[in-house]
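Thanks for pulling up a chair. Let's walk through this protein together, one question at a time.

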Amino acid sequence: MVLSNEGARQKINDEKGADVRSTNILAARAVADTVRTSLGPKGMDKMIQDPRGEVLISNDGATILQHLKLTHPTAKMMVELSKAQDVEAGDGTTSIVVIAGALLHAAERLLAKGIHPQTITEAFLQAAEKAVEILTSMSVKVDLDDRDQLLRSATTALNSK
């Protein structure tokens, strides 16, 4: 089979796109894997040394991410994702990065099977819509005049940060 010049260029561009995608996924997953091991009651502490030689030991994902010196744009995006989660909810900064890393890992496996990136994106969007639908259906309205319900809600909220 002989490829025309246009066909050869398209094949090269497709290969470059796949390489860039693979590199981006690898960078994001590296960040996620760094904080993943700090989760939970058996989470490990991380020791971070800054350029001046000062050492910080922490198992708080947000603190670890804040002190990482990242140069890759996708890795930096994972840190920004964590910051956005902190601003929006005040908690879940590590979990959101770990979930994003897991989704990227799943996408990587689908890409390896030859599934088009647009198909994967559409499937993720459908899954997000379904998740919102399920969460909405199981949510409970809070009556601001019901003191017991407010206390239960406050107790639940105080079990976290």
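## Questions and answers on the predicted model

Q: At 47% relative accessibility, does Glu-133 count as buried, exposed or partly exposed?
A: This is a predicted model, and the cut-offs used here call a residue buried under 20% and exposed over 50%. Glu-133 has a relative accessibility of 47%, so it counts as partly exposed.

Q: Which residue meets the side chain of Glu-133 in a salt bridge?
A: The salt bridge of Glu-133 has an N to O distance of 3.2 Å, and a pair must come within 4 Å to qualify. Both partners sit in helix 5 (residues 117-138), three residues apart, and therefore about one helical turn separates them. The partner counts as partly exposed, at 43% relative accessibility. It is Lys-130.

Q: How many helices and strands does the protein chain have?
A: Let's read the elements from the N terminus on: α-β-β-α-α-α-α-α. Counting them up for the protein chain gives six helices and two strands.

Q: Buried residues make up what percentage of the protein chain?
A: The protein chain has 161 residues, and a residue needs a relative accessible area under 20% to be called buried. By that cut-off, the buried share is 18%.

Q: What area does the protein chain expose?
A: Carbon and sulfur atoms supply 58% of the exposed area of the protein chain. The area itself is about 12100 Å².

Q: Which residues make the nonpolar surface patch of about 330 Å²?
A: One member is found in strand 2 (residues 55-58), namely Val-55. Val-55 has a relative accessible area of 47%, so it is partly exposed, and residues in a patch need over 30%. The patch is made by Met-47, Val-55 and Ile-57.

Q: Which elements give two or more residues to the lining of the largest pocket?
A: The largest pocket holds about 190 Å³ of space. Among its lining residues are Arg-21, Asn-24, Ile-25, Thr-74, Met-77, Ala-100 and Leu-104. The elements that give two or more residues to this lining are helix 1 (5-36), helix 3 (73-89) and helix 4 (93-112).

Q: How far apart in space are Asn-24 and Thr-74, C-alpha to C-alpha?
A: Asn-24 is found in helix 1, while Thr-74 has its place in helix 3. They are 50 residues apart in sequence, and yet Asn-24 is in contact with Thr-74, as well as with His-72, once neighbours within four places are left aside. From C-alpha to C-alpha, the distance is 5.7 Å.

Q: Is Thr-74 buried or exposed?
A: Leaving aside neighbours within four places in sequence, Thr-74 is in contact with Asn-24 and Ala-28. Its contact partner Asn-24 counts as partly exposed, at 26% relative accessibility. The relative accessible area of Thr-74 is 15%, which falls under the 20% cut-off, so Thr-74 is buried.

Q: Which residues does Ala-107 touch, not counting those up to four places away in sequence?
A: Ala-107 lies in helix 4 and, with a relative accessible area of 8%, is buried. One of its contacts is 13 residues away in sequence and 6.7 Å away in space, C-alpha to C-alpha, and that is Ile-120. The full answer is Ile-120 and Phe-124.

Q: With which residue does Glu-108 form a salt bridge?
A: The closest N and O atoms of this pair are 2.6 Å apart. The pair links distant parts of the chain, with Glu-108 in helix 4 and its partner in helix 1, 79 residues apart. Glu-108 is partly exposed at 24%, and its partner also counts as partly exposed, at 22%. That partner is Arg-29.

Q: Which residue shares a salt bridge with Asp-50?
A: Asp-50 is partly exposed, with a relative accessible area of 23%. Its partner has 67% relative accessibility and so counts as exposed. The N to O distance is 3.4 Å, and the partner is Arg-52.

Q: How many salt bridges does the count come to?
A: The rule asks for a side-chain nitrogen of Lys or Arg within 4 Å of a carboxyl oxygen of Asp or Glu. The pairs include Lys-130 with Glu-133, Glu-108 with Arg-29 and Arg-52 with Asp-50. By this rule the count is five.

Methods. Residues numbered from 1 in each chain as written. Predicted model: local features only at pLDDT ≥ 70, side-chain atom pairs only at ≥ 80, totals over all residues. Heavy atoms only, no water. Helix = DSSP H or I, 4+ residues; strand = E, 2+ residues; numbered from the N terminus. Buried < 20%, exposed > 50% of the residue type's maximum accessible area, 1.4 Å probe, protein only. Areas by Shrake-Rupley, 256 points an atom, 1.4 Å probe, with all protein chains shown as cover. Patch = residues over 30% accessible without salt bridge, like charges linked within 9 Å, V, L, I, M, F, W, Y side chains within 5 Å. 1 Å grid on protein atoms, 1.4 Å probe; cavity = no way out; pocket = protein on both sides within 12 Å on 5 of 7 lines; lining within 4 Å. Points joined across faces, edges and corners; volume = space filled by probe spheres on them. Contact = heavy atoms within 4.5 Å.
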